[in-house]
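Please find below my notes on the structure, set out as numbered points that can be read one at a time beside the model.

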Amino acid sequence: MGGVRGSPVASSKNKSTTLQYLFDLDSRANSGSNHSSPNNNGLQSPYDSEKEEILSAISICNTIFTFTDPSESPEQQDLKRFKLLQLLSITKSPKKQLDDYILSHLISMISANLFRPLPPPISTPITGDLPEDEELFSSPQPLWPHLQIVYDILLRLVLHVDPKTLRDYIDHRFLTNLLSLFQSEDLRERDSLKNIYHRIYAKFTFYRSFMRKAMNDVFLQYNFETEKHCGIGELLEIWGSIINGFTVPLKEEHKLFLMRVLIPLHKSKGMQAYHRQLAYCVSQFVQKEPALGGLVARGILKYWPVTNCRKEVLLIGELEELVDSIDPAQYRRLALPLCTKITKCLNSCNSEVAERALYVWNNEQFVRMVSSSLEDVFPVIVEGMEKNLKLHWSKSVKQLTENVKVMLEQMDPNLYSKCLEATEIRESAARQEETKRKEKWRRIETLAAAKKQNQFLQPQQCIRVPH
């Protein structure tokens with residue numbers, strides 16, 4: 001027999017459906033979600049089902065694994081990686097729009113995974129500004145298999161979601177925390193951060209001033225307080241792209257950044273680790289306004305190292321590139337200080353420094369700068385050349401010095417001869433002065449010895465004490 005419309009069975013079914021509907025409404029109200037109501041059969045729409053799946057994946061990804069704790073389950077680690085890949089595939093689709101509720105949970109998951117305490121950085125390595133050396137000073141993070149995907153998810157959000165929508169989630173606090181991660185010793189993580197931070201700067205135009213100031217604070221703290229930071233090179237790469245977009249004439253704010261931040265970065269002991277990026281930033285400023293070349297050159301000379309030969313080689317190369325971009329009107333004012341420093345370097349006992357200084361004379365712009373002020377610089381240069389030819393221990397340095405001497409003699413033979421005679425006169429006077437000094441010391445030593453001998457030969461006087 002068929003069921004009657006008002007039978008108890010049918011009534012029970014309708015009652016259970018109604019209760020299920022109420023339970024669903026209650027659970028959604030507690031979670032704060034904006035799900036659409038189910039259909040008459042109590043089933044979720046495809047959108048609701050997909051949304052629940054995304055939220056479930058985000059919840060699983062909120063679990064943090066250290067990859068160093070033996071009690072952690074490898075199966076759970078693999079499950080989290082699988083769910084992260086699922087979320088990455090969702091964010092890669094530019095057509096799929098994520099609502100605010102999912103975005104909020106997604107950014108919270110990203111923050112929970114990325115913003116973690118980092119170990120204190122080691123001292124910046126003195127050696128190795130070359131790319132192959134960077135690998136030697138990179139400490140890989142054990143949790144990178146998860147971090148890499150989280151960074152990719154964040155990058156996709158920045159690329160595909162409207163900045164005005166993300167503005168409520170990627171705020172000043174988020175950017176500050178992201179900037180602090182540049183202290184990570186993992187080179188792969190710093191590269192990902194560099195890419196993301198640069199993309200945010202490009203798209204989130206309303207944050208540009210804040211981001212520049214935040215990076216400046218990192219540079220100043222490194223330069224004047226800690227001198228310990230692993231990500232200075234990556235931050236300077238971002239700045240190189242920013243400076244490239246500056247319009248001419250440069251704003252006063254940007255010139256102050258050059259004088260107060262970039263130039264003092266030359267004095268750090270670990271400058272070799274980021275010198276390539278630093279030199280690029282400085283050269284961008286000088287190319288946009290050649291009149292700044294004199295300011296930069298004097299700043300580099302101010303922070304010239306005393307005992308760090310590797311750093312001297314790098315700075316000689318930077319000065320040489322600077323001369324190519326400098327305003328020719330400043331040649332006369334810069335010729336003497338630059339030539340004095342280059343001459344001092346070519347007299348260095350370190351053959352690498354001496355050879356690098358001598359190779360500067362192959363630069364046509366440098367020779368042109370010297371030609372603009374021959375009478376001022378030739379006495380210094382000629383004296384340095386003759387000193388090298390007489391005293392330097394390296395045969396290769398002497399050979400290079402001889403080649404430069406021939407070139408200088410061809411520039412102005414008469415002036416070179418006069419400077420050579422003046423140098424010989426000064427050396428002769430110095431030798432005479434040294435002879436007089438030694439003679440004085442010899443007399444002093446003779447008198448001291450005689451006085452000591454007289455004291456030894458004199459009879460000792462006895463003093464009687466009355467009883």
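1. In this predicted model, helix 16 (residues 331-346) packs with helix 17 (residues 351-359) at an angle of about 140 degrees, and the axes of the two helices lie 7 Å apart. Angles over 145 degrees would count as roughly antiparallel and those from 65 to 115 as roughly perpendicular, and helix 16 and helix 17 are therefore described as oblique to each other.

2. Which residues bring helix 16 and helix 17 together? From helix 16 the residues are Ile342, Cys345 and Leu346, and they meet Val353, Ala354, Ala357 and Leu358 of helix 17. When the residues of this contact between helix 16 and helix 17 are sorted by class, seven are nonpolar, while none is polar and none is charged.

3. Turning to the space inside the protein, the model holds three cavities of 30 Å³ or more, and the largest cavity contains about 60 Å³ of space. The elements that each give two or more residues to the lining of this largest cavity are helix 13 (275-288) and helix 15 (309-325).

4. The lining of the largest cavity can also be read residue by residue, since it is made up of Ala279, Val282, Ser283, Val286, Glu318, Glu321, Leu322 and Ser325. By class, this lining has four nonpolar, two polar and two charged residues.

5. Asparagine 308 deserves a look of its own, and the reader will find it in the loop between helix 14 (293-302) and helix 15. What does the side chain of asparagine 308 contact? It makes a polar contact, at 3.5 Å, with the side chain of glutamine 272. In addition, a polar atom of the asparagine 308 side chain lies 3.4 Å from the backbone nitrogen of arginine 310.

6. Two further loops each hold a backbone detail that I would ask the student to find in the model. In the loop between helix 11 (232-244) and helix 12 (252-262) sits proline 249, and the peptide bond that leads from valine 248 to proline 249 is cis, with omega near 5 degrees.

7. The other detail concerns phenylalanine 67, which is placed in the loop between helix 2 (46-61) and helix 3 (74-92). Is phi of phenylalanine 67 positive or negative? The value is near 65 degrees, and so phi is positive here in a residue other than glycine.

Methods:
Residues are numbered from 1 along each chain as its sequence is written. This is a predicted model: local features need pLDDT of at least 70, side-chain atom pairs count only at pLDDT 80 or more; totals for chains, interfaces and linings use all residues. Side-chain values use heavy atoms; hydrogens and water are left out. On a 1 Å grid over the protein atoms alone, a cavity is a set of points where a 1.4 Å probe fits but cannot get out, and a pocket is an open set with protein on both sides within 12 Å along at least five of seven lines; lining residues have an atom within 4 Å of a point. Grid points are joined across faces, edges and corners, and a volume is the space filled by probe spheres set on the points. Helices (H or I, at least four residues) and strands (E, at least two) are DSSP runs, numbered from the N terminus. Ala, Val, Leu, Ile, Met, Phe, Trp, Tyr, Cys and Pro count as nonpolar, Asp, Glu, Lys and Arg as charged, and the others, Gly among them, as polar. A polar contact is a pair of N or O atoms within 3.5 Å; within protein, one must be able to donate a hydrogen and the other to accept it, and residues adjacent in sequence count only if both atoms are side-chain atoms. Axes are lines fitted to C-alpha atoms, for helices over the stretch in contact, and angles run from 0 to 180 degrees between N-to-C directions. Angles under 35 degrees count as roughly parallel, over 145 as roughly antiparallel, 65 to 115 as roughly perpendicular and the rest as oblique. Contact means heavy atoms within 4.5 Å.
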